[in-house]
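Here is a short report on one protein model. It covers the sheet, the helices that lie across it, and two loop residues.

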Amino acid sequence: MREAIVEGIGFWGSGLPDWDAACAWARAGQRPAQAPARPAPALLAANERRRAPATVAVALEAALAACEAAGREPTALPSVFASTHGEMSITDYMCATLASDPRAVSPTRFHNSVHNAAAGYWTIGTGAHVPATAISAGHGSFAQGLVEAMAQLAAGSEAVLLVAYDGPACGPLAEMAPSEGLLGVALVLSRVPCPGLPVLRMELAQHAGMDRGDTAGPLSRLLAGNAMQPALPLLEALALERGQVLLPAGADQWLRIDIGHG
């Protein structure tokens with residue numbers, strides 16, 4: 001079993017534009033009367049904010065919030081970006097355009113079609129020269145992102161930024177890979193003990209029959225349609241200071257997380 005300290009949390013979900021709003025919803029069923037349709041990350045210049053896909057915007061918004069909450073300089077943190085599907089609207093556009101008129105592909109959209117687009121925007125926006133990793137593992141993308149972050153801590157990194165995000169699906173892809181709304185979560189995880197901060201103790205288990213408990217909490221129900229919904233039980237547990245969650249990590253595999261305090 002490995003453990004990590006949660007130094008900072010970032011959150012942006014449709015209708016819940018920050019971690020405070022997510023906590024208010026999880027604890028008391030309250031949310032802002034109005035919320036923007038998508039974030040406008042201050043990390044990017046105005047023209048880059050306009051060009052960046054919605055998934056990039058939500059990933060960067062959550063990432064920067066987590067770094068600020070942790071008091072960590074983004075340029076010094078190695079990062080792991082996990083997304084189930086990446087930017088589905090651009091994937092749909094690329095498929096449709098390549099099928100109908102390949103020479104009409106937009107260079108900007110092609111540039112944003114890669115799965116590591118958010119990681120690239122992050123390193124450019126922060127000026128970071130530390131490693132940035134982008135991964136996808138289907139329904140287990142968030143759990144495998146945690147596993148990768150823990151591996152980097154075990155390999156010697158003092159702290160790691162984990163960012164997980166997904167956006168809406170569209171076109172024919174929506175039938176095969178459904179996803180709704182925008183969701184981005186970020187955690188700054190470290191090996192540095194700090195009294196009062198949450199401590200995650202994690203263990204991979206290959207037992208399909210494990211009791212997962214009640215994972216359909218307030219955040220999970222509100223944002224159930226998003227492909228990154230598997231991350232929400234952990235965020236609910238952190239908001240409500242509960243003790244244990246089980247996250248899907250792949251075929252017949254689970255990531256068990258026990259939550260304590262330093």
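## The sheet

Two strands count as paired if DSSP finds at least two bridges between them. The model is predicted. On that pairing rule, eight strands form an open sheet. Their order is E3-E2-E4-E5-E1-E6-E8-E7, and the pairing is mixed. The edges belong to strand E3 (132-135) and strand E7 (244-250). Each has a single partner strand, so one side of each lacks a neighbour in the sheet. From one strand to the next, the twist averages 30°.

Strands of a sheet pair through backbone hydrogen bonds, either parallel or antiparallel. Strand E1 (residues 2-13) and strand E6 (residues 198-205) take the antiparallel sense, over four bridges. Glutamate 3 has its bridge partner in E6: arginine 201.

## Helices across the sheet

Helix H7 spans residues 141-154. It lies across E1, E2, E3, E4, E5, E6, E7 and E8. Its angle to strand E4 (159-166) is about 165°.

Helix H10 covers residues 232-240. It lies across E1, E5, E6, E7 and E8. H10 runs at about 165° to E7.

## Two residues with positive phi

Glutamate 241 sits in the loop between H10 and E7. Its phi is positive, about 55°, although it is not a glycine. Exposed means over 50% relative accessible area. Glutamate 241 has 59% relative accessibility, so it counts as exposed.

Aspartate 252 lies in the loop between E7 and E8. This residue is not a glycine either, yet it has a positive phi of about 55°. Its relative accessibility is 45%, so aspartate 252 counts as partly exposed.

How values were computed:
Residues are numbered from 1 along each chain as its sequence is written. This is a predicted model: local features need pLDDT of at least 70, side-chain atom pairs count only at pLDDT 80 or more; totals for chains, interfaces and linings use all residues. Side-chain values use heavy atoms; hydrogens and water are left out. Axes are lines fitted to C-alpha atoms, for helices over the stretch in contact, and angles run from 0 to 180 degrees between N-to-C directions. Contact means heavy atoms within 4.5 Å. Buried means under 20% relative accessible area, exposed over 50%, partly exposed in between (1.4 Å probe, protein chains only).
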